[in-house]
Amino acid sequence: MNMRRISLSVLILSFAASIFAANTSENAASAIQIKHAVVAPSALQNKTAEVFMELTNKGKQAHTLIAVTTPVAKKAQLHMTINRDARVYMRQVAQINIRPHRETDLEYGGLHVMLIGLKRALNNQEKIPMTLLFRDGSWIKIYAKVKQS
């Protein structure tokens, strides 16, 4: 899928979600607080990185993270780590639910954002811009700090 199709898909999804959001009392951008956003580049070939953060829902209704974008990678996917048969696997997930008055941690060994196809090397302590898109059409721009292992 090329970037134009992805951008168009996100735009259409955002528009549809904004219509839905007009019928709700709060949106994710006003209810979700993000702390400790960190980018952990992979030691393998410098082509991928994992992103971890704390998502706290201060609102009265559940919200759903459906996509993440960043200019430093070809794509960003929502992932879950699975431990099975003494092996570790990562699987893409369609969404991450954040329940009201709860914290959802995107952390090593669990849910996280996977940056795939890094366009350049990431420097330690650099702040990487990212946009988190929620099902209701709202979005939050954050800066995640690179922490080399």
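Strands, as the term is used here, are DSSP runs of E with at least two residues, numbered from the N terminus. The structure is a predicted model, and its strand β2 offers a convenient point of entry.

Strand β2 covers residues 48-57 and contains Phe-52. This residue takes part in the 1 aromatic pair that the structure holds. Its partner is Tyr-108; the two ring centres are 6.5 Å apart and the planes meet at 80°, so the arrangement is edge-to-face. The pair links distant parts of the chain, for Tyr-108 belongs to the loop between β7 (103-106) and β8 (111-118), 56 residues away from Phe-52.

The two partners differ in their exposure to the surroundings. Phe-52 has a relative accessible area of 14% and is therefore buried, since the limit for that class is under 20%. Tyr-108, by contrast, reaches 69% relative accessibility and counts as exposed, because the threshold is over 50%.

Both residues also appear at the second largest pocket, where Phe-52 and Tyr-108 are among the lining residues closest to the centre, together with Glu-50, Met-90 and Gly-109. The volume of this pocket is about 260 Å³, and 16 residues line it. By character, the lining comprises 7 nonpolar, 7 polar and 2 charged residues. Strand β2 contributes the most, with 3 residues, while β1 (32-41), β4 (73-84) and β5 (87-92) each supply at least two.

A further contact involves Arg-84 and Tyr-89: the charged end of Arg-84 sits over the ring of Tyr-89, at 5.6 Å from the ring centre.

Methods:
Residues are numbered from 1 along each chain as its sequence is written. This is a predicted model: local features need pLDDT of at least 70, side-chain atom pairs count only at pLDDT 80 or more; totals for chains, interfaces and linings use all residues. Side-chain values use heavy atoms; hydrogens and water are left out. Rings of Phe, Tyr and Trp (its six-membered ring) pair if their centres lie within 6.5 Å; planes under 30 degrees apart count as stacked, over 60 as edge-to-face and the rest as tilted. Helices (H or I, at least four residues) and strands (E, at least two) are DSSP runs, numbered from the N terminus. Buried means under 20% relative accessible area, exposed over 50%, partly exposed in between (1.4 Å probe, protein chains only). A charge sits over a ring if NZ of Lys or CZ of Arg is within 6 Å of the ring centre and within 35 degrees of the ring normal. On a 1 Å grid over the protein atoms alone, a cavity is a set of points where a 1.4 Å probe fits but cannot get out, and a pocket is an open set with protein on both sides within 12 Å along at least five of seven lines; lining residues have an atom within 4 Å of a point. Grid points are joined across faces, edges and corners, and a volume is the space filled by probe spheres set on the points. Ala, Val, Leu, Ile, Met, Phe, Trp, Tyr, Cys and Pro count as nonpolar, Asp, Glu, Lys and Arg as charged, and the others, Gly among them, as polar.
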